[in-house]
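Hello,

Here is the structure I promised to pass on. Please open it alongside this note; my findings follow below it.

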Amino acid sequence: MNTIFRKSMLSVAGLAFAGGVFAGPIAAHANPADATPVAVAVQSAAPKPQGEQSHISLNDEQTANVKAIIAATKKAGLPERAAVISIATSLQESKLENLGHLGDSNDHDSLGLFQQRPSSGWGTPEQITDPEYSTTAFLKGLKQVDGWQDMPLTEAAQTVQVSAYPDAYAQWEQQATDLVAQHWNS
């Protein structure tokens, strides 16, 4: 848990305790029918997405790839944030489509969900086009990035991917976060 979040939670807990100490004796004599609910704002542990966000509708194959990325992340013993970074990266690289060789449209020999290259050591074409393998390879690279959990998504993804467009991953953070929230426990 990051320090800012921990301090925020302690502050909220302290306010709740103080409120109970001071309001407790008064509240004990209050009429429960007169009570009104009070909303309390709690800061989220996840960083806010950077910049303008993009969104695409997903078909069944893309949704299956989201689930495969989440399953590989869980199998690697990594938290939801790793799945968010992985899905945002795949959204940028392939729109969550497991791309084979695209002929003249291909970026060098890039393949799969993460557009990984056999010539760069990511694996064989067969491995790279396997969603579990390609996700595990991406996560292996991510784990080697010091402090990836706390850095902006686009910085963590770029450190692994080494893209010509290093800031492009940020636009997918909200959709990736929503997809992980929707499918992490399913």
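Gln 175 is buried, with a relative accessible area of 4%. This residue belongs to helix 7, which spans residues 173-183. Please keep in mind that the model is predicted. Leaving out residues up to four places away in sequence, Gln 175 touches Ser 54, His 55, Ile 56, Leu 58 and Leu 91.

Ile 56 is worth a look from its own side. Ile 56 sits in the loop between helix 1 (3-28) and helix 2 (60-75). In sequence, Ile 56 and Gln 175 are 119 residues apart. In space, their C-alpha atoms are 8.3 Å apart. Neighbours within four places aside, Ile 56 is in contact with Gln 62, Leu 91, Lys 95, Trp 172 and Gln 175. Leu 91 is also among the residues that Gln 175 touches.

**Overall layout**

The protein chain has seven helices and zero strands. From the N terminus on, its elements run α-α-α-α-α-α-α. Of its 186 residues, 35% count as buried. Take the contacts with a separation of 6 or more: residues 24 or more positions apart account for 60% of them.

**Helix 6**

How many of the nine residues of helix 6 are buried? Seven are, so this helix is largely enclosed by the rest of the structure. The buried ones are Leu 153, Thr 154, Ala 156, Ala 157, Gln 158, Val 160 and Gln 161. Their cover includes helix 3, helix 5 and helix 7.

Ala 156 is a good place to zoom in. Ala 156 is part of helix 6. It counts as buried, at 0% relative accessibility. Beyond its neighbours within four places in sequence, Ala 156 is in contact with Ile 85, Leu 142, Trp 148 and Met 151. Ala 156 and Asp 146 are 10 residues apart in sequence, and their C-alpha atoms lie 9.2 Å apart.

**Helix 5 against helix 6**

Two packed helices are described by the angle between their axes and the distance between the axes. For helix 5 and helix 6 (residues 153-161), the angle is about 110 degrees and the axes are 9 Å apart. That angle falls in the 65 to 115 range, so helix 5 is roughly perpendicular to helix 6.

Which residues meet there? Helix 5 brings Phe 138, Gly 141 and Leu 142. Helix 6 brings Ala 156, Ala 157, Val 160 and Gln 161. By class, this contact has five nonpolar, two polar and no charged residues.

**Rings**

The count of aromatic pairs comes to one. Phe 114 and Phe 138 have their ring centres 5.0 Å apart and their planes at 15 degrees, so the pair is stacked. The cut-off for stacking is planes under 30 degrees apart. Phe 114 lies in the loop between helix 3 (80-94) and helix 4 (125-128), and Phe 138 lies in helix 5 (residues 131-143), so the pair ties together parts that are 24 residues apart in sequence. Are these two residues buried or exposed? Phe 114 counts as buried, at 0% relative accessibility. Phe 138 counts as buried too, also at 0%. Phe 138 is also one of the helix 5 residues that meet helix 6.

There is a charge over a ring as well. The charged end of Lys 74 sits over the ring of Trp 184, 5.0 Å from the ring centre.

**Positive phi**

Most residues other than glycine have a negative phi. Here are three residues to check against that.

- Lys 95, which is not a glycine, has a positive phi near 55 degrees. It is found in the loop between helix 3 and helix 4. It is partly exposed, with a relative accessible area of 30%. Lys 95 is also one of the contacts of Ile 56.
- Gln 115 is not a glycine either, and its phi is positive at about 50 degrees. It lies in the loop between helix 3 and helix 4. At 13% relative accessibility, Gln 115 counts as buried.
- Val 162 comes just after helix 6 and takes a positive phi of about 55 degrees.

That is the handover.

Best wishes

Notes
Residues are numbered from 1 along each chain as its sequence is written. This is a predicted model: local features need pLDDT of at least 70, side-chain atom pairs count only at pLDDT 80 or more; totals for chains, interfaces and linings use all residues. Side-chain values use heavy atoms; hydrogens and water are left out. Rings of Phe, Tyr and Trp (its six-membered ring) pair if their centres lie within 6.5 Å; planes under 30 degrees apart count as stacked, over 60 as edge-to-face and the rest as tilted. Helices (H or I, at least four residues) and strands (E, at least two) are DSSP runs, numbered from the N terminus. Buried means under 20% relative accessible area, exposed over 50%, partly exposed in between (1.4 Å probe, protein chains only). A charge sits over a ring if NZ of Lys or CZ of Arg is within 6 Å of the ring centre and within 35 degrees of the ring normal. Axes are lines fitted to C-alpha atoms, for helices over the stretch in contact, and angles run from 0 to 180 degrees between N-to-C directions. Angles under 35 degrees count as roughly parallel, over 145 as roughly antiparallel, 65 to 115 as roughly perpendicular and the rest as oblique. Contact means heavy atoms within 4.5 Å. Ala, Val, Leu, Ile, Met, Phe, Trp, Tyr, Cys and Pro count as nonpolar, Asp, Glu, Lys and Arg as charged, and the others, Gly among them, as polar.
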